[in-house]
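Q: Hey, I'm new to this one. Can you walk me through it?

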Amino acid sequence: MLAARPVGVPALVVEDVQLAIGLLARHLLEHISPTVIGLTGSVGKTTTKDLLAQVLERHAATVATDRSFNNELGLPLTVLRADATTRYLVLEMGAGRKGDLTYLTGLAPPQVGLVLNVGTAHVERMGTGPADVAEAKGELVEALAADGFALLNADDPYVRGMAGRTRAPILWYGRSARAQVRAEEVRMADRARTAFELVTPAGRAPVGLDLIGEHQVGNALAAAAVATVLGLGVAEIADGLNAARRRSAGRLEIVERPDGITIVNDAYNANPESMRAGLRAARALAGARRTVAVLGAMGQQADASRARHAEMGRLVADLRFDVLIAVGAGDPLAMAQAAESSDQGVAVHAAEDVAGALRLATALVEPGDVVFVKASSEIGLGAFARALADA
């Protein structure tokens with residue numbers, strides 16, 4: 001144990017715990033030399049990391065970030081789980097501000113760097129818009145050596161713009177025809193799962209994901225791109241993706257109640273990109289069933305926050321959700337007002353807090369409904385989703 005002061009149990013007392021744990025992680029990596037894969041993006045990091053880990057661990061010993069332990073403490077803790085048998089070290093790298101990825105890649109220099117996308121997550125801390133977010137996310141590919149690999153999303157213009165910021169060779173992935181790792185014949189399968197033909201430079205193979213939402217295709221392609229540059233064959237990659245399951249809670253986590261109510265808990269965190277994808281996935285899952293959206297605030301949206309919440313309210317209406325419960329004061333009320341002003345007939349309710357939302361939902365939800373739950377983590381709607389599941 002490391003501590004900044006005596007704590008009454010055996011511990012190594014150091015002046016700076018963060019610095020010490022980072023130095024330990026860097027020292028370990030210099031002695032065990034696994035292939036370090038760093039990945040970042042505004043949305044989809046944890047799901048992609050989970051998919052990639054499940055593909056790679058079928059091939060060789062793999063250690064991956066637990067949940068979203070992706071910051072200056074979580075990353076070295078992940079590194080310290082590795083040992084001499086570890087072949088692949090999959091590190092989710094979060095960036096709340098510029099310079100974060102430079103620091104993290106200094107602790108664990110990646111041989112492979114994957115950038116998923118650029119959105120509005122953390123824009124309040126990074127600057128005024130996606131270009132500032134892209135500047136921060138691009139620090140990952142700047143850290144790559146010339147003998148590494150940069151995996152870039154061909155579908156995202158801000159990620160495409162990072163091509164000139166790396167010395168490493170680039171492999172493009174995405175749904176674009178220019179991508180070397182891409183998806184063809186994308187189709188929605190049973191219960192909002194997505195199937196597609198995975199195409200790589202080595203061939204093609206069918207993939208059927210056990211995750212809901214068409215946006216999961218991008219996450220799967222990102223994982224496939226990494227596995228491709230690591231030398232796995234297309235059939236092996238497809239088999240790993242086909243067998244992969246959701247590992248991290250609160251990310252499109254589906255709970256079925258005995259009365260037929262389906263709760264889609266996506267409340268780990270939220271920004272406009274992830275909320276948009278989650279709403280569409282839940283709507284696709286529901287089919288003809290009645291739908292209820294329980295939505296709270298999306299944090300760190302800077303001056304555009306009210307407008308972005310209103311956009312989500314309009315999307316709820318456009319997707320023909322039957323009920324919206326907007327949780328919290330301020331921006332969620334803009335969401336409620338936008339949904340209510342539409343002509344789609346969504347029934348709009350406002351709750352002051354999580355407890356109020358639970359009372360409303362308990363009264364409004366009917367057997368057979370699909371209930372989608374999402375907000376930034378500090379709102380606490382994950383607890384709401386669990387309580388509703390147990391009601």
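Q: Let's start with helices H2 and H10. How do they lie to each other, roughly parallel or oblique?
A: They're oblique to each other. Keep in mind that this is a predicted model.

Q: Okay, at what angle do the axes of H2 and H10 cross?
A: At roughly 125°, and the axes come within 8 Å. Angles over 145 would count as roughly antiparallel and 65 to 115 as roughly perpendicular, so the H2 and H10 pair ends up as oblique.

Q: Where do H2 and H10 sit in the sequence?
A: H2 is residues 45-56 and H10 is residues 234-243.

Q: And is the crossing of H2 and H10 left-handed or right-handed?
A: The H2 and H10 crossing is right-handed.

Q: Switching to strands. What order do they have in the open sheet?
A: The order in the nine-stranded open sheet is E4-E5-E3-E6-E7-E8-E9-E10-E11. The pairing is mixed.

Q: Which strands are at the edges?
A: Strand E4 (62-64) and strand E11 (203-212). Each of those pairs on one side only.

Q: How much are neighbouring strands of that sheet turned against each other?
A: By 20° on average, with direction ignored.

Q: Zooming in on E8 and E9, do they pair in the parallel or antiparallel sense?
A: E8 (residues 170-174) and E9 (residues 181-188) pair in the parallel sense, over two bridges.

Q: What stands opposite Gly174 there?
A: That's Arg182, in E9.

Q: What comes after E9, around Asp190?
A: Asp190 is in the loop between E9 and strand E10, which covers 193-200.

Q: Is Asp190 buried or exposed?
A: Asp190 has 61% relative accessibility, so it counts as exposed.

Q: How far apart are Asp190 and Asp210?
A: In sequence, Asp190 and Asp210 are 20 residues apart. In space the distance is 9.8 Å, C-alpha to C-alpha.

Q: New topic: how many salt bridges are there?
A: The count comes to 18 salt bridges.

Q: Let's look at a few. What about Lys49 and Asp50?
A: Their side chains meet in a salt bridge at 2.8 Å, N to O.

Q: Are those two buried or exposed?
A: Lys49 counts as buried, at 1% relative accessibility. Asp50 counts as buried too, at 8%.

Q: And Glu135 with Lys98, what's the N to O distance?
A: It's 3.3 Å for that salt bridge.

Q: Which parts does the Glu135 and Lys98 pair tie together?
A: Glu135 is in helix H6 (residues 130-137), while Lys98 is in the loop between strand E5 (88-92) and helix H4 (100-107). So the pair ties together parts that are 37 residues apart in sequence.

Q: How accessible are Glu135 and Lys98?
A: Glu135 is partly exposed, with a relative accessible area of 41%. Lys98 counts as partly exposed as well, at 36%.

Q: Got one that links distant parts of the chain?
A: Asp369 and Arg290, whose side chains meet in a salt bridge at 2.5 Å, N to O. Asp369 is in the loop between helix H14 (354-364) and strand E17 (370-374), and Arg290 is in the loop between helix H11 (272-286) and strand E14 (291-295), 79 residues apart.

Q: Buried or exposed, that pair?
A: Asp369 counts as buried at 1% relative accessibility, whereas Arg290 counts as partly exposed at 24%.

Q: Which residues are joined into one network by salt bridges that share partners?
A: Lys98, Asp132 and Glu135.

Q: What does UniProt annotate over residues 250-376?
A: The UniProt record, an unreviewed entry, has "domain: Mur ligase C-terminal" there. In the model, residues 250-376 are 39% helix and 22% strand, and the end C-alpha atoms are 11 Å apart.

Q: Last thing: what's the backbone phi of Ser33?
A: Ser33 has a positive phi of about 50° although it isn't a glycine. Ser33 sits in the loop between helix H1 (17-32) and strand E3 (35-40), and it counts as exposed at 56% relative accessibility.

Q: And what about Arg67?
A: Arg67 also has a positive phi of about 50°, and it's not a glycine. Arg67 is in the loop between E4 and helix H3 (74-79), and counts as partly exposed at 46% relative accessibility.

Note on methods: Residues numbered from 1 in each chain as written. Predicted model: local features only at pLDDT ≥ 70, side-chain atom pairs only at ≥ 80, totals over all residues. Heavy atoms only, no water. Pairing = 2+ DSSP bridges. Helix = DSSP H or I, 4+ residues; strand = E, 2+ residues; numbered from the N terminus. Axes fitted to C-alpha atoms, helices over the stretch in contact; angles between N-to-C directions. Salt bridge = Lys/Arg side-chain N within 4 Å of Asp/Glu carboxyl O. Buried < 20%, exposed > 50% of the residue type's maximum accessible area, 1.4 Å probe, protein only. UniProt positions renumbered as here; feature names shortened; annotations may be inferred. Parallel < 35°, antiparallel > 145°, perpendicular 65-115°, else oblique. Left-handed = near helix turned anticlockwise from the far one by under 90°.
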